[in-house]
Amino acid sequence: MKLYFRPIAQTDAARPQSARTLAGGWCWFTHVEVLQRGRAAYVTPVTDVPADVLTRLCAARAPICGLDMGIAHLMGILNVTPDSFSDGGQFDGVAPALRQAEAMAAAGACLIDVGGESTRPGADFVPIKDEIARTAPAIREISGRLDVPISIDTRKSEVALQALSAGASLVNDVSGFTYDLQLAEFARAASVPVCVMHAQGDPATMQQNPTYDDVLLDVYDFLETQVEHLTSRGIARDQIVVDPGIGFGKTLAHNLALLARLSLFHGLGCPILLGASRKKFVGTIGKASLAQERMPGSVAVALEGVAQGAQIVRVHDVAETRQALNLWQAVTTGDYNDA
């Protein structure tokens, strides 16, 4: 029976000499939680972890888009759509998209994620030509003005091809490279990193009674399978980012189960991207019916993700999250850089 090893991430500066650095970053661990389908989990010291698993958990992650994965980064969300759940219609058009990208970069975003198809629950399919018309011109303008890596948030190879030609440098596929089988080949040929996300179903159907045998292990197995698929297509493992897909075919309980044990995904040997910003569960728990009112709850979730070693946090509210992250890092490590 397959075993899963979740490092129990810690950030206290008073760590024992036996502590291992988690993913070459700012967290460390001395114990792991061992999970197995159908059986109770148990905790064991790192000395009981198989050597190959321990190596993968501890190894420093390679840079992504030139960004050091030994520190946490904010990915600013730029939806150039008329109907995204939180900011639809605000930034569709080259000029408003550029203004928002400039504002997010100034506020501390290290990447800009541009999407031209809403993936909110119940969203309609967007034709390829429309998605290209929304994303490529905006990416071309932003890449010509800002020295910030741009990610194209798409599941379609034609859209990705045009985005990469316009200046994007990462492909972020919400379908986990299952929707368009040519997309992985485009990414490999362009030698760009990719983000593989888990989603159950597509945006139109994903929230219609999503079910799992074990959401944590099911999502892990999917991502593990897709990482192996991408590496078999010639994409280097160290250029693959994994995203458990909070809110994509998940109930509130599913989201909480994934967030509580997010550090499990370090076992894949890839940087982790967490995208929970303004999601419905934040509003449900935080009593905020409007997406625009969910910033405080979104920041809380982002900080918990970083505390478990997530290297990239995808957010709408860049300035607020950057301020919170700076303070969290300062009070956690006692280190403050006034640069």
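**Exercise 1. The three-stranded sheet**

In which sense do strand β4 (residues 31–36) and β5 pair, and over how many bridges? Work out the sheet around them.

*Solution.* A word on the model before we start: it is predicted, so local features need pLDDT of at least 70, side-chain atom pairs count only at pLDDT 80 or more, and totals for chains, interfaces and linings use all residues. Residues are numbered from 1 along each chain as its sequence is written, and side-chain values use heavy atoms, with hydrogens and water left out.

Step 1. Settle the terms. Helices (H or I, at least four residues) and strands (E, at least two) are DSSP runs, numbered from the N terminus. Two strands pair if DSSP finds at least two bridges between them.

Step 2. Take the pair in the question. β4 and β5 are antiparallel partners, joined over five bridges. Within this pairing, Q36 has R39 in β5 as its bridge partner, and V34 has Y42 in β5.

Step 3. Look at the hairpin of β4 and β5. Two residues lie between the strands, and G38 takes a positive phi near 80°.

Step 4. Add the other neighbour. β1 and β4 also pair in the antiparallel sense, over four bridges. Here P7 stands opposite V32 in β4.

Step 5. Assemble the sheet. Three strands in the order β1-β4-β5 make an open sheet with antiparallel pairing. β1 (4–7) and β5 (39–45) are the edge strands, each pairing on one side only. From one strand to the next the twist averages 25°; angles run from 0 to 180 degrees between N-to-C directions, and axes are lines fitted to C-alpha atoms, for helices over the stretch in contact.

Step 6. Check how enclosed β4 is. Buried means under 20% relative accessible area, exposed over 50%, and partly exposed in between (1.4 Å probe, protein chains only). Five of the six residues of β4 are buried, so this strand is largely enclosed by the rest of the structure.

**Exercise 2. The eight-stranded sheet**

What is the strand order of the open sheet of eight strands? Then place α6 on it.

*Solution.* Step 1. Read off the order: β11-β10-β9-β8-β7-β6-β13-β12, with parallel pairing. The edges are β11 (240–243) and β12, and each pairs on one side only.

Step 2. Zoom in on one edge. β10 and β11 pair in the parallel sense over four bridges, and V196 stands opposite V242 in β11.

Step 3. Bring in the helix. α6 lies across β10 and β11 and runs at about 145° to β10.

**Exercise 3. Two helix pairs**

At what angle do helix α6 (residues 215–232) and helix α7 (residues 252–260) pack? Do the same for α3 and α4.

*Solution.* Step 1. α6 and α7 pack at an angle of about 70°, with their axes 9 Å apart. Angles under 35 degrees count as roughly parallel, over 145 as roughly antiparallel, 65 to 115 as roughly perpendicular and the rest as oblique. The two helices are therefore roughly perpendicular to each other.

Step 2. Name the contact residues, where contact means heavy atoms within 4.5 Å. V215, L216 and V219 of α6 meet H254, A257 and L258 of α7.

Step 3. Turn to α3 and helix α4 (residues 157–166): they pack at an angle of about 15°, with their axes 8 Å apart. That makes α3 roughly parallel to α4.

Step 4. List this contact too. α3 contributes I128, E131, I132, T135, A136, I139, R140 and S143, which meet E158, V159, Q162, A163 and A166 in α4.

**Exercise 4. Three loop residues**

Is S191 buried or exposed? Treat R278 and G116 likewise.

*Solution.* Step 1. S191 sits in the loop between α5 (183–190) and β10 (194–197). Its phi is near 55°, a positive value in a residue other than glycine. S191 is exposed, with a relative accessible area of 65%.

Step 2. R278 belongs to the loop between β12 (273–274) and α8 (280–286). R278 is not a glycine, yet it has a positive phi of about 60°. R278 is buried, with a relative accessible area of 10%.

Step 3. G116 lies in the loop between β7 (111–115) and α3 (128–145). G116 is buried, at a relative accessible area of 0%. Leaving aside its neighbours within four places in sequence, G116 touches V80, T81, V126, E131, R134, T135 and D153.
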